[in-house]
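Reader: I should be grateful for a close look at a single part of this structure, namely its largest pocket. Please describe what lines the pocket and how the contributing elements are placed.

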Amino acid sequence: MLVVIRGGGDLATGIALRLYRSGMEVVVCETAAPTSIRRTVCFSEAVRLGGTVVEGISARRAEVENVPGLLEKGVIPVLVDPEAACVSQLKPDAVVDGILAKRNLGTTIDMAPIVVAAGPGFTAGTDCHAVVETMRGHYLGRVIYHGSALPDTQIPGLIGGYAGERVLRAPVDGIFRGAKQIGSYVEAGETAGYVSGVPVVCTISGTLRGLLADNVLVTKGMKSGDVDPRCEPDHCGCASDKALAVGGGILEAILHLHQKLEKK
């Protein structure tokens, strides 16, 4: 089964890991300038670096004509294709929207026999065949076949007793430059990076779990980093519980919908 995933951030990568390990062929579509924070666990890094490895699974930046050869080698192709134009050529069995923009950026229910979306901004039965809940809590990872995911609260999930305090945000518009490495320990009040010379300051102490790549253009208030108060550097190298939970929901939805199609 061939699946095209829109998005290559940490949540979309968790989805890709679940599908790939379940025997599906996966192609990732990303923008030319990804803004992923947890870059050590994002297949989007293949756009910037040419290739990357997450939890032992390799991904490589590619053109659509290279897709068959890479899939044959067990490598996940990452295309600079934010509109997922490759769908018309690849004709996948399923399309997954894992962008997590909290709104629909162009995914339609007729893109493939099975279309599944993660998070708010989609209505199952209208925009896609199923939606998977992305909000932390009782419903995380649950598949919705009628209706929508819970609305975005704009408040990050609680980790180690902290929510919004974990997130580093750009203080001004400008170009981001990091001052720390992902995986390093930071203290509250310490500078993790700069936006056009203005410090991006940590509000809590912990492990720097995510940080934008250098030279990314940001706007004031844009998420630029993530501090994990649990202080477990090993977490920086593996997909989060949330990403894998959502990935499990996506896997369930695809298999369930595929089974229904086969019975028709």
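Author: What follows describes the pocket and then two of the elements around it.

This is a predicted model, in which local features need pLDDT of at least 70 and side-chain atom pairs count only at pLDDT 80 or more, while totals for chains, interfaces and linings use all residues. Residues are numbered from 1 along each chain as its sequence is written, and side-chain values use heavy atoms, with hydrogens and water left out.

The largest pocket (an open set of points on a 1 Å grid over the protein atoms alone, where a 1.4 Å probe fits, with protein on both sides within 12 Å along at least five of seven lines) holds about 1500 Å³ of space, a volume being the space filled by probe spheres set on the points. Its lining, meaning residues with an atom within 4 Å of a point, comprises 50 residues, and D10, I99, L100, K102 and K223 lie nearest the centre. By class, 22 are nonpolar, 12 polar and 16 charged.

Among the elements that each supply at least two lining residues are α1 (10–21), β2 (25–30) and α5 (241–263); helices (H or I, at least four residues) and strands (E, at least two) are DSSP runs. The largest share, three residues, comes from α1.

Five of the six residues of β2 are buried, so this strand is largely enclosed by the rest of the structure; buried means under 20% relative accessible area with a 1.4 Å probe, protein chains only. β2 pairs with β1 in the parallel sense over five bridges, pairing requiring at least two DSSP bridges, and V27 in β2 stands opposite V4.

In α5, the buried residues include A243, V246 and L257. The buried residues of α5 pack against elements including β1 and α1, contact being heavy atoms within 4.5 Å.

Conventions. Ala, Val, Leu, Ile, Met, Phe, Trp, Tyr, Cys and Pro count as nonpolar, Asp, Glu, Lys and Arg as charged, and the others, Gly among them, as polar. Buried means under 20% relative accessible area, exposed over 50%, partly exposed in between (1.4 Å probe, protein chains only).
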